[in-house]
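These are my notebook entries on one structure. I record what I looked up, item by item.

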Amino acid sequence: MQVYRARARHFDLDFTPLGVKAFNLSVGIVVAVLAVLLATLPTPAKAQSNWWESLTGSGTPDYSGRREEERARQRQAQATEVLDDLRPDAVPLRSDEMVLFMESAIARYQQIAAAGGWPVVPPGRMMREGEDDDRVAILRKRLIASGDLKPRSNYYNSYSFDGDLADAVRNFQRRHGLRPTGRVERSTYPALNASVDERIQQLRLNLNRIRDLLSMGGEDRYVLINVPGFQLEAVERFEVQQRHRVIVGRAGRESPSLKATIRGLNFFPYWRVPDSIAHADLIPRLKKEPDYLANEKIRVLDPSSTTEFDPHSVNWDLPESRRLRFRQDPGPQNALGLVRIDMPNEHTVYLHDTPMKELFRQRSRAFSAGCVRVEGVFNLVDWLAAYEPNWGGAGESQRIVENGQAVDITLSRPVPVFFTYITAWAERDGDVEFRPDIYGRDGAADQIAEMDRDPNDPMPAASLAP
């Protein structure tokens with residue numbers, strides 16, 4: 001109100017005392033009304049931050065606060081979201097049944113292609129339930145074509161994004177490894193707009209990968225890690241006995257495709273930092289953080305790993321420093337966690353526990369330096385050692401950890417392990433699943449996985465973990 005009073009003083013008015021009183025009363029009423037109106041409007045900062053999200057489908061601004069309430073509900077739903085990204089069926093990826101499922105999926109997609117495929121949904125602002133958008137009719141046609149939405153006669157005359165359409169979007173997002181928000185967001189458009197011919201090519205490519213896996217031998221007990229699926233299958237007698245979420249190599253530190261053999265289990269392992277990680281990551285970091293090694297209980301050793309050096313006595317800029325070795329003590333801070341699953345191979349990768357278990361709650365889990373971190377790893381260890389003499393059965397690995405003593409076990413019955421790269425597969429119920437080509441091995445141009453990060457999730461802290 002002071003603003004308006006200040007402006008009133010600039011008027012050069014010659015009123016009688018009564019007129020002045022009447023004028024002041026009138027100004028007071030006007031100022032009071034303006035104050036009430038101003039209080040109901042958003043502040044400039046608030047309007048600037050919300051203007052795009054507050055637009056309804058018809059272009060009418062909504063400053064009622066409902067949008068902010070909706071965002072709060074969405075954040076709460078994300079906090080309580082149950083992660084359901086593991087395959088539900090006991091049929092292994094590496095199986096004759098999966099070949100049949102894939103062949104059936106290819107035939108179905110060929111029929112879609114013969115019928116003209118599906119339309120491209122024009123990218124743009126987010127589409128979500130309760131709003132109108134001219135693209136909704138196109139979105140419905142797209143999801144009906146792929147079987148995510150059941151057709152209804154009144155669909156094509158409506159531009160309203162209703163609950164049935166939101167459910168169909170969630171189903172589509174689940175099938176493509178995206179967060180099932182029910183909203184068509186930036187990360188959803190590339191998956192929606194991959195053509196049916198591209199999906200057929202992707203299915204054929206992955207069918208060949210599965211056939212190649214089958215040609216590697218007839219083992220009926222093995223472990224398979226599907227890297228872009230971020231999951232592990234423990235298979236026995238041609239059925240999946242366990243599934244685990246995994247963290248795999250990030251871009252530039254890709255987990256390889258390989259076949260190896262699990263030969264040992266190391267409880268309370270040391271982590272001997274590979275030279276590649278030491279030179280590219282560890283030495284640059286300790287230059288910036290001189291106490292990093294002490295905080296992480298990492299020791300500096302001579303090339304033979306027999307003599308320990310004080311890291312503060314080393315000039316890390318000299319070429320000779322690259323000959324030194326690093327070893328992290330066992331314990332809860334260890335990058336390998338409390339158990340390492342040994343599988344000798346030319347790539348020096350392996351399976352292991354991790355102290356960074358919160359990362360398993362993310363759908364896109366390419367965070368490691370090439371090795372594979374396993375959620376619920378002690379259940380897998382119990383399965384691997386189930387036929388070992390004197391093994392105490394389920395829970396034995398946890399009892400070893402509680403005992404607190406380092407234990408190394410050489411398996412008398414080694415278990416084959418496959419690291420594979422399957423970005424598309426089919427399920428018994430007819431669902432066809434696709435995953436982002438995180439390493440570009442399919443020739444995909446887009447990297448959906450990185451775009452699909454939950455904006456409320458912080459980026460993982462920089463880590464040297466393998």
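**Entry 1: strand β2 and its partners.** I began with the pairing of β2 and β3 in this predicted model. Strand β3 covers residues 239–249, and 6 bridges join β2 to β3 in an antiparallel arrangement. For the register I noted one pair of residues: Val235 stands opposite Val240 in β3. The two strands make a hairpin with 2 residues between them. In that turn I found Arg237 with a positive phi of about 50°.

I then turned to the other partner of β2. Strand β1, residues 221–226, pairs with β2 over 6 bridges, and the sense is antiparallel. Here Ile225 stands opposite Leu232 in β2. β1 and β2 also form a hairpin, with 4 residues between them. The turn of this hairpin holds Phe230, whose positive phi is about 55°.

Is β2 buried or exposed? I looked up its residues, 231–236, and 6 of the 6 are buried, so the strand is largely enclosed by the rest of the structure. I also checked each face of β2 separately. On one side Gln231, Glu233 and Val235 are buried. On the other side Leu232, Ala234 and Glu236 are buried, so that both faces are covered.

**Entry 2: a sheet of four strands.** I next followed the order of an open sheet and read β5-β8-β6-β7, with antiparallel pairing. Strands β5 (271–272) and β7 (308–309) stand at the edges; each has a single partner strand, so one side of each is left without a neighbour in the sheet. As a general reminder, I wrote down that strands of a sheet pair through backbone hydrogen bonds, either parallel or antiparallel.

Within this sheet I looked up the pairing of β6 (residues 298–301) with β8 (residues 325–328). These strands run antiparallel and are joined by 4 bridges. Val300 stands opposite Phe326 in β8. I also noted a helix against the sheet: α10, residues 275–288, lies across β5 and β8. The helix runs at about 80° to β8.

**Entry 3: two helices in contact.** At what angle do α12 and α13 pack? I found about 115° for α12 (residues 377–384) and α13 (residues 396–403), with the axes 8 Å apart. From α12, the residues in the contact are Phe378, Val381 and Asp382. They meet Glu396, Ser397, Gln398 and Val401 in α13. By type, the residues of this contact divide into 3 nonpolar, 2 polar and 2 charged.

**Entry 4: aromatic rings.** I searched the whole structure for aromatic pairs, and the search gave 5. One of them joins Tyr109 and Trp118 in an edge-to-face arrangement, 6.0 Å centre to centre with 90° between the planes. Both Tyr109 and Trp118 are buried. I then asked which residues form one aromatic cluster with Tyr109 and Trp118. The entry to add is Phe434, which belongs to that cluster.

**Entry 5: the chain as a whole.** I closed with totals. The protein chain has 14 helices and 15 strands. Of its 466 residues, 46% are buried. For contacts with a separation of 6 or more, I noted that 67% are between residues 24 or more positions apart. The accessible surface comes to about 23,900 Å², and carbon and sulfur atoms account for 53% of that area.

Note on methods
Residues are numbered from 1 along each chain as its sequence is written. This is a predicted model: local features need pLDDT of at least 70, side-chain atom pairs count only at pLDDT 80 or more; totals for chains, interfaces and linings use all residues. Side-chain values use heavy atoms; hydrogens and water are left out. Axes are lines fitted to C-alpha atoms, for helices over the stretch in contact, and angles run from 0 to 180 degrees between N-to-C directions. Contact means heavy atoms within 4.5 Å. Ala, Val, Leu, Ile, Met, Phe, Trp, Tyr, Cys and Pro count as nonpolar, Asp, Glu, Lys and Arg as charged, and the others, Gly among them, as polar. Buried means under 20% relative accessible area, exposed over 50%, partly exposed in between (1.4 Å probe, protein chains only). Accessible areas come from the Shrake-Rupley method with a 1.4 Å probe; for residues, only the protein chains shown count as cover. Two strands pair if DSSP finds at least two bridges between them. Rings of Phe, Tyr and Trp (its six-membered ring) pair if their centres lie within 6.5 Å; planes under 30 degrees apart count as stacked, over 60 as edge-to-face and the rest as tilted.
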